[in-house]
Amino acid sequence: MPQQSTSLLLDMARQQLVQAGIVLHVTKKRVKNINFRLKPYALMVSVPMSISPSQIAQAVDKRVSWALDNHPQVLARYHHKQTPKPKASTSDSPVLLWGIEQSLRLNHDEKIAYYRQQLTEVNPALFAKWQPIVGATANDVRLKKMHTRWGSCNTRARRIWLSVYLPAYPIECTEYVIVHELCHLHHANHSKAFWQTVAAAMPDYQQWHDMLAGKSGQLD
């Protein structure tokens with residue numbers, strides 16, 4: 001095919017595509033065959049390094065109708081993926097405070113803030129109650145979002161961490177966790193002596209231990 005006819009054929013194909021909002025991109029690569037990929041607003045064509053201009057023009061010309069027919073579906077899929085999906089609302093999630101359902105309806109972040117406030121308010125009284133009973137005093141008490149445990153103790157710093165999710169359960173559960181962590185100031189492990197210390201301080205600890213056992217720190 002003469003050079004002029006080749007250019008004309010390719011220009012005509014480009015114009016048809018442009019009218020439909022599709023830009024033609026032809027790239028020579030180390031491939032064996034001519035490959036077409038239709039994307040939103042673009043027709044990508046990969047051609048062998050040794051291919052002639054006339055072969056490119058003829059191949060593109062044959063694919064113009066295919067591109068025009070399929071582009072609307074490609075755009076539809078593209079816009080569907082780009083459209084933000086509505087997130088499931090958690091604003092109607094019930095709130096449990098010390099094991100009792102409240103009339104409040106809060107989303108997850110609001111629950112965390114609410115529980116943090118409630119736990120902060122009761123902690124001074126609870127530690128004042130249980131530290132003399134256990135015979136150990138914490139230097140520092142902090143709250144955080146713990147998903148795999150209800151409390152932890154840094155025995156060297158005498159720092160106790162409590163899960164911010166505890167207020168969802170009866171307050172005795174929080175008391176048990178406080179006793180548990182205070183007892184670690186006597187015994188850093190979970191030895192028989194440790195559990196004897198827990199039982200001596202809180203004889204009914206098993207009930208609250210069992211209530212929390214197997215639960216995650218996450219809200220329902």
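K144 has its bridge partner in strand β8, namely S163. That pair belongs to a run of five bridges in which strand β6 (residues 140-144) and β8 line up in the parallel sense. Keep in mind that this is a predicted model.

Strand β8 (residues 159-163) has a second partner to look at: strand β7 (residues 151-154) runs antiparallel to β8 and is joined to it by four bridges. Here S152 finds its bridge partner in W161 of β8. The hairpin of β7 and β8 has four residues between the strands, and R158 takes a positive phi there, near 55 degrees. So how well covered is β8, mostly buried or mostly exposed? Four of its five residues are buried, which leaves the strand mostly covered.

Further towards the N terminus there's an open sheet of three strands, ordered β1-β3-β2, with mixed pairing. Because β1 (23-29) and β2 (35-39) sit at the edges with a single partner strand each, one side of each has no neighbour in the sheet. From one strand to the next, the twist averages 20 degrees. Strand β3 (residues 42-48) runs antiparallel to β2, and five bridges join the two. One of the residue pairs to look up is K39, which stands opposite A42 in β3.

Here are the strand pairings described so far, side by side.

| Strands | Sense | Bridges |
|---|---|---|
| β6 and β8 | parallel | five bridges |
| β7 and β8 | antiparallel | four bridges |
| β2 and β3 | antiparallel | five bridges |

On to the helices. The axes of helix α4 (residues 171-183) and helix α6 (residues 205-212) come within 9 Å and cross at roughly 105 degrees, which makes α4 roughly perpendicular to α6. On the α4 side, the contact involves E172, C173, Y176 and V177, and these meet Y205, W208, H209, M211 and L212 in α6. Sorted by class, the contact has seven nonpolar residues, one polar and one charged.

C173 is also worth a look for its sulfur. Why is C173 not bonded to C183? Its closest cysteine sulfur is the one in C183, and at 16 Å that is too far for a bond. C183 has its own closest cysteine sulfur in C153, 10 Å away, which is again too far. The disulfide count comes to zero. As for burial, C173 has a relative accessible area of 0% and is buried, and C183 counts as buried at 0% relative accessibility too.

Definitions and conventions:
Residues are numbered from 1 along each chain as its sequence is written. This is a predicted model: local features need pLDDT of at least 70, side-chain atom pairs count only at pLDDT 80 or more; totals for chains, interfaces and linings use all residues. Side-chain values use heavy atoms; hydrogens and water are left out. Two strands pair if DSSP finds at least two bridges between them. Axes are lines fitted to C-alpha atoms, for helices over the stretch in contact, and angles run from 0 to 180 degrees between N-to-C directions. A disulfide is a pair of cysteine sulfur atoms within 2.5 Å. Buried means under 20% relative accessible area, exposed over 50%, partly exposed in between (1.4 Å probe, protein chains only). Angles under 35 degrees count as roughly parallel, over 145 as roughly antiparallel, 65 to 115 as roughly perpendicular and the rest as oblique. Contact means heavy atoms within 4.5 Å. Ala, Val, Leu, Ile, Met, Phe, Trp, Tyr, Cys and Pro count as nonpolar, Asp, Glu, Lys and Arg as charged, and the others, Gly among them, as polar.
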